[in-house]
Amino acid sequence: MGWIKTFVCVDDENIYPALIDRTDRWNGWVSPGFKLDAVRQLAAHTEEAAEQYGHDCVDQIKVIDGGPEPVVLHIRWQYLSDEPGSAANVVKPDEDGRYWIGGWEWTWYEVEDGPLFHTKNATFEAWKQMLDESARRVGEIVRTQMPEATSALLSLHGLGHIVRVEAADGPGWPAGDDHDGDDGYGPFDTETLGEADEVLRKALDHGDDRTDLEIGGWRPARDIKEPELHRIPFPPVGAEETGGGPLEKARERFVEARRKLLTETVPYLVADARAACPDAGGIVIDPHAEEPFVMFLVEDTKGEASTSVAADVAEQVRDRLAGLLAFKPTGDDLTACGWTESPQPHLDGAYVLVFPAE
């Protein structure tokens with residue numbers, strides 16, 4: 001057995017330090033052992049989940065203090081009526097003081113990056129909030145000329161632009177008849193649509209992956225058989241207008257979250273790079289390229305290519321960069337987080353990160 005200390009998760013929200021054997025799996029899921037402090041965290045989270053979703057659908061962990069040593073209970077409320085004898089059991093610690101909870105029962109999975117998991121989630125939530133505020137602001141702009149508008153359909157081709165506006169009562173735009181006028185813009189002027197498009201493009205500048213957009217609430221228009229278009233829902237008709245202030249604040253929060261992700265990812269990137277190329281003193285990337293990895297820096301950190309590195313060894317570096325650049329950081333973001341523009345003329349647009357000394 002190969003026991004390792006790592007972090008695990010079961011609800012996509014909370015992580016816990018644990019001991020696992022990566023070869024001991026149930027349908028692909030791991031079986032973790034926890035120290036008491038982690039069990040207390042798990043107990044608090046399961047209690048919150050039970051209160052939120054109902055005790056009949058959430059297993060609950062409880063830590064009972066007051067005796068010679070704490071007692072850990074695993075309670076399955078859903079079995080209480082039909083199988084009361086199996087509704088609860090005491091989880092005893094092993095000789096090392098670890099409690100093995102949910103093995104071969106819960107869908108535990110390993111989170112190798114530990115606390116970076118929370119930073120990734122926070123960045124995604126900040127990006128999603130920016131999408132929500134962008135949609136709200138676009139709705140306000142569009143409703144200056146179509147008060148009954150409920151949503152817009154966005155094409156992601158090129159820079160991204162609105163191709164249709166749906167309305168609660170009426171044909172929307174384009175109407176496909178005389179309501180569109182000679183210019184085809186219906187009730188709109190080009191300045192209004194241009195302002196709305198600019199709001200959407202700024203949002204797309206920092207993430208336009210179709211899957212992420214769907215999770216973020218900008219969903220493909222499958223109901224009208226146009227999945228290549230994304231529907232952006234507006235707030236309910238008649239909702240109070242709040243202007244551009246909330247959107248600006250959402251953008252600021254997202255920049256802060258994105259830079260925090262950039263900063264906290266660096267130690268992991270350094271470890272991955274040195275595992276692939278032990279002599280690496282830094283790395284060069286082109287953040288705008290389809291394949292952002294350019295080269296490792298060796299010895300003088302001036303852009304000298306490293307010795308040949310097997311593709312499978314460097315794959316972890318490429319995967320790490322994909323996560324690092326998922327939200328399309330700007331040059332200002334990179335320089336604020338320790339990267340510098342490459343001085344090499346043939347590497348225009350590239351950025352360099354020099355690793356700290358070991």
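**Reading contacts, charge and cores**

Leaving aside neighbours within four places in sequence, Glu166 is in contact with Glu148, Ala149, Thr150, Ser151, Leu153, Ile224 and Arg231. The model is predicted.

Q: Where does Glu166 sit, and which side chain makes a polar contact with the side chain of Glu166?
A: Place the residue in its element, then look at its polar atoms. Glu166 belongs to strand β12, residues 161-167. Its side chain makes a polar contact with that of Ser151, at 2.4 Å.

Q: How many residues apart in sequence are Glu166 and Val58?
A: Set sequence distance beside distance in space. The two are 108 residues apart in sequence, and their C-alpha atoms are 41 Å apart.

Q: How do I read a buried charge? What is the nearest side chain of opposite charge to Arg98?
A: Use the cut-off: a salt bridge needs a side-chain nitrogen within 4 Å of a carboxyl oxygen. For Arg98 the nearest candidate is Asp94, 6.0 Å away, so this buried residue has no salt bridge. The Arg98 side chain does reach the backbone oxygen of Gly33 at 3.2 Å. Arg98 lies in the loop between β8 (88-91) and β9 (99-100). Among the residues it touches are Lys5, Leu19, Phe34 and Pro93.

Q: Which residues have the most contacts inside the largest nonpolar core?
A: Start with the core's hubs, then its elements. Trp127, Val138, Val142, Ile162, Val165 and Trp218 have the most contacts inside this 35-residue core. Elements giving two or more residues are α2 (116-142), β11 (149-155), β12, α3 (190-204) and α5 (245-276). The most come from α2, with 10 residues. Val165 touches, among others, Val142, Met146, Trp173 and Phe188. A second, separate core has 23 residues, including Leu262, Phe293, Leu321 and Tyr351.

Notes
Residues numbered from 1 in each chain as written. Predicted model: local features only at pLDDT ≥ 70, side-chain atom pairs only at ≥ 80, totals over all residues. Heavy atoms only, no water. Helix = DSSP H or I, 4+ residues; strand = E, 2+ residues; numbered from the N terminus. Buried < 20%, exposed > 50% of the residue type's maximum accessible area, 1.4 Å probe, protein only. Lys, Arg positive; Asp, Glu negative; His and termini not counted. Polar contact = N/O pair within 3.5 Å; in protein donor to acceptor, adjacent residues only side chain to side chain. Contact = heavy atoms within 4.5 Å. Core = buried A, V, L, I, M, F, W, Y, C linked by side-chain atoms within 4.5 Å.
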